[in-house]
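Please read the following account alongside the sequence and the model, moving from a single loop residue outward to the strands, the helix and the cores.

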Amino acid sequence: MEKTKGKKRKSALVRSSIGAYAVQCEACLKWRLIDTEEEYEEIRCRFIEEPFVCSKKADVSCEDPTDIEYDATRTWAADRPNVPKTPKGFQRDLVLRKDFSKMDAYYITPTGKKVRALSEIAAYLSSNPDCKDLSPSDFNFTVPKIMADTIPAHIERKVSTSGSNKKRKKSGKGDE
Ligand SMILES: [Zn+2]
């Protein structure tokens, strides 16, 4: 099933470029695939307060084999924890650059406008009364970090690998 990329640590990947979302169990360290972006966002937005454990998935326990292995068969990106859940009506997309150097984040507003910066979000909110309950803090342009050790070999050398190793351990969802 999958896709091409994953994100690491609790990972996720980008929608346009993301093939699968996975989070790591705090107890057994196995990776569990999360079916939808919405579910993934729910977990991510409270990840610090409520670390993920296998039992949060229906009919799954730490005794079950891992859903997916963290390895270079796909490229992983480590997401940051506690990124706010995408406000209703908006869509948050992450796109992996072709050279695998990084991801770019943007939102699509309810009116179909593509927004790439917080200042544009602020301007959009202030000119759209329907969004009066939202504030710029409900949006976040933080992008997951591409895990250098999972970048395809033919591109790997263009990217600095510094700092990638340490992150590999625990937690999933993102943080860094
Ligand atoms: Zn577990």
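Asn 82 counts as partly exposed because it has 16 C-beta neighbours inside 10 Å, where a residue is called buried if 20 or more other C-beta atoms lie within 10 Å of its own, exposed if 12 or fewer, and partly exposed in between, with the C-beta atoms placed from the backbone. Asn 82 lies in the loop that runs between S4 and S5, and its phi is near 60°, a positive value in a residue other than glycine. Most residues other than glycine have a negative phi. Asp 59 likewise has a positive phi, of about 60°, although it is not a glycine; Asp 59 sits in the loop between H1 and S4 and counts as exposed, because 6 C-beta neighbours are found inside 10 Å.

Some conventions are needed before going further. This is a predicted model, in which local features need pLDDT of at least 70 and side-chain atom pairs count only at pLDDT 80 or more, whereas totals for chains, interfaces and linings use all residues. Residues are numbered from 1 along each chain as its sequence is written. Helices (H or I, at least four residues) and strands (E, at least two) are DSSP runs, numbered from the N terminus.

The protein holds three helices and eight strands, and along the sequence they follow the pattern β-β-β-α-β-β-β-β-α-β-α. Of its 176 residues, 32% count as buried. Two residues are in contact if their C-beta atoms, placed from the backbone, lie within 7 Å, and among the contacts with a separation of 6 or more, 64% join residues that are 24 or more positions apart.

The early part of the chain contributes a hairpin, made by S2 and S3 with six residues between them, and in its turn Leu 29 has a positive phi of about 65°. The two strands pair in the antiparallel sense over four bridges, pairing being assigned if DSSP finds at least two bridges between two strands, and Gln 24 stands opposite Trp 31 in S3. Against this pair comes helix H1: the buried residues of H1 (residues 37-45) are Tyr 40, Ile 43 and Arg 44. Seen down the axis of H1, these buried residues fall within an arc of 100°, so they line one face of the helix; the arc is that of the directions from the helix axis to the C-beta atoms. The buried residues of H1 pack against strand S2 (21-24) and strand S3 (31-34).

Further along, three strands form an open antiparallel sheet in the order S5-S6-S7. Because S5 and strand S7 (114-115) stand at the edges, each with a single partner strand, one side of each is left without a neighbour in the sheet. S5 and strand S6 (residues 103-108) pair in the antiparallel sense over six bridges, and Leu 94 stands opposite Ala 105 in S6. Gln 91 belongs to strand S5 (residues 91-96) and is partly exposed, because it has 15 C-beta neighbours inside 10 Å. Leaving aside neighbours within four places in sequence, Gln 91 is in contact with Thr 86, Tyr 107 and Ile 108.

What joins these parts in the interior? The largest nonpolar core has 24 residues, and those with the most contacts inside it are Ala 22, Ile 34, Ile 43, Ala 77 and Ile 146; such a core is a set of buried Ala, Val, Leu, Ile, Met, Phe, Trp, Tyr and Cys residues joined through C-beta atoms within 7 Å. S2, S3, H1, strand S4 (75-78) and S5 each supply at least two residues of this core. Apart from it lies another core, of five residues, among them Tyr 107, Tyr 124, Leu 125 and Phe 139.Thr 142 is placed in the loop between helix H2 (118-127) and strand S8 (145-146). Thr 142 is partly exposed, with 14 other C-beta atoms within 10 Å, and, leaving aside neighbours within four places in sequence, Thr 142 is in contact with Arg 80 and Val 83. The C-alpha atoms of Thr 142 and Pro 81, 61 residues apart along the chain, are separated by 9.9 Å.

Finally, the confidence of the prediction deserves attention. The mean pLDDT (the predictor's confidence in each residue, from 0 to 100) is 83 for the protein, and 79% of its residues reach 70 or more. Over residues 1-15 the pLDDT is below 50, although this stretch has 85 contacts in the model beyond near neighbours in sequence. Over residues 163-176 the pLDDT is also below 50, and this stretch has 44 contacts beyond near neighbours in sequence. Where pLDDT is low, the predicted coordinates should not be read in detail.
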